[in-house]
Amino acid sequence: MSRDTETRNDYFIVVSKDAKAEDALKILTSLEKIPAVRLFSSLETSEKQWAPTSTVTLGDLITDLVAKGKNPVLTGVVIQGNIDVGETPKNVESVDSPTELKYSGLAVFKDDKLIGWLNQEESKVYNYLTNKVNKTVFYINCPEEKRISLEVFEAYSKVKGSMQEGKPAISINQYLEADIGEVQCSNLELTNPKTIAELNQIANQKVIKLFETTIKKVQQEYKSDIFGFGEAIHRSNPQEWKKLSDNWDQTFVNLPVNVKVNMEIRQLGKVTNSFLEKMK
């Protein structure tokens, strides 16, 4: 596929989860007659608006396969519903199709072998670290177990490698800007700067915990450097990387990673404090 001069190279590669790839391509979809066209446009839009998915072309995949210090990931697609029904015209005769194709998490590879999956939140961490997040939404909890939704519109991650006492280490600085999208909490004075500072701090801690648990899971369970930490060490210490590269998978498992997050809430939306309190 990579050598053929007549083949286009702007398509995306995904993994069919718990079903054959040919079955996924037979599911009839609304709006688009060709399922592959629908899958392409959906993934392209999803990456821009929803952080847990990632577009990977054949060139990207090959680059990650041959690189030392970086393993590939691919977005997973699942068939929700009955496969046999999905292959018939009945599947597109109603607004709510009985069988649908949906993207679900990222497939983790070690070299060219599929070894596991990241869930929705873990997939977000991968896309944050690889600077693929354009927009997304996440929430933080209020004291009364209700939620505040934050709409992220700016995200930038800086991953640095270093050598500390002869051993490699990684530091991550994650910057986020967000607007408040929804508030379910009561007695929350959003016009008070202290409240926004507290919300920033809560969001920072949640993102740090999510980063740390995801990175630890990949290190301990999958032992596959999908984040490109090896490449970060290579950039910062080329000479040391020559000594580390041959056994990087073993080194990656116990690699210390320090995460810092800077969240800034910018706007409150069209209203400040919720009018629901006044209705009570």
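Strands here are DSSP runs of E at least two residues long, helices are runs of H or I at least four long, and both are numbered from the N terminus. Two strands pair if DSSP finds at least two bridges between them. The model shown is predicted, so to speak of a local feature takes a pLDDT of at least 70 and a side-chain atom pair counts only at pLDDT 80 or more, while totals for chains, interfaces and linings use all residues. Residues are numbered from 1 along each chain as its sequence is written, and side-chain values use heavy atoms, with hydrogens and water left out.

**View 1. Here is the sheet made of S1, S2, S3 and S4.** These four strands form an open sheet in the order S1-S2-S3-S4, with mixed pairing. Strand S1 (15-16) and strand S4 (113-118) sit at the edges with a single partner strand each, so one side of each has no neighbour in the sheet. Have a look at strand S3 (residues 100-110) and S4: they pair in the antiparallel sense over five bridges. To find your place there, start from Val108, whose bridge partner in S4 is Gly116. Helix H5 (residues 120-129) lies across strand S2 (73-80), S3 and S4. H5 runs at about 110 degrees to S4, where axes are lines fitted to C-alpha atoms (for helices, over the stretch in contact) and angles run from 0 to 180 degrees between N-to-C directions. Contact means heavy atoms within 4.5 Å.

**View 2. Now for the sheet made of S5, S6, S7 and S8.** This is an open sheet of four strands in the order S5-S6-S7-S8, again with mixed pairing. Its edge strands are S5 (136-141) and S8 (257-265), each of which pairs on one side only. From one strand to the next, the twist averages 40 degrees. S6 and S7 run antiparallel and are joined by 16 bridges, and one spot to look for is Ala155, which stands opposite Leu176 in S7. The two strands make a hairpin with two residues between them, and Glu165 in the turn has a positive phi of about 55 degrees. S7 and S8, on the other hand, run parallel, with nine bridges joining them. Gln174 has Val261 in S8 as its bridge partner.

**View 3. Zoom in on edge strand S5 and its two faces.** S5 and strand S6 (residues 147-164) run antiparallel, joined by six bridges. Side chains alternate along S5: Thr136, Phe138 and Ile140 point to one face and are buried, while Val137, Tyr139 and Asn141 point to the other and are not. Buried means under 20% relative accessible area, exposed means over 50%, and partly exposed is in between (1.4 Å probe, protein chains only). Across in S6, Phe138 stands opposite Leu150, and Tyr139 has Ser149 as its bridge partner.

**View 4. Just past S5 comes a disulfide between Cys142 and Cys185.** A disulfide is a covalent bond between the sulfur atoms of two cysteines. The rule used here is a pair of cysteine sulfur atoms within 2.5 Å, and by this rule the count comes to one. The sulfur atoms of Cys142 and Cys185 are 1.3 Å apart. This pair links distant parts of the chain: Cys142 is in the loop between S5 and S6, and Cys185, 43 residues apart from it, is in the loop between S7 and helix H6 (193-222). Cys142 counts as buried because its relative accessibility is 8%, and Cys185 counts as buried because its value is 9%. Lys146 also lies in the loop between S5 and S6, but at 39% relative accessibility it counts as partly exposed. Leaving out residues up to four places away in sequence, Lys146 touches Ile140, Asn141 and Gln184.

**View 5. Last up is helix H7 and the aromatic rings around Phe229.** Helix H7 (residues 229-236) lies across S6, strand S7 (167-183) and S8, at about 50 degrees to S6. In H7, Phe229, Gly230, Ala232 and Ile233 are buried. Seen down the axis of H7, its buried residues fall within an arc of 160 degrees, so they line one face of the helix; the arc is that of the directions from the helix axis to the C-beta atoms. The structure holds six aromatic pairs. One of them is tilted: Phe229 and Phe252, 6.3 Å centre to centre with 40 degrees between the planes. Rings of Phe, Tyr and Trp (its six-membered ring) pair if their centres lie within 6.5 Å, and planes under 30 degrees apart count as stacked, over 60 as edge-to-face and the rest as tilted. Phe229 in H7 and Phe252 in helix H9 (residues 248-253) are 23 residues apart, and both are buried. Tyr126, Phe227, Phe229 and Phe252 form one aromatic cluster.
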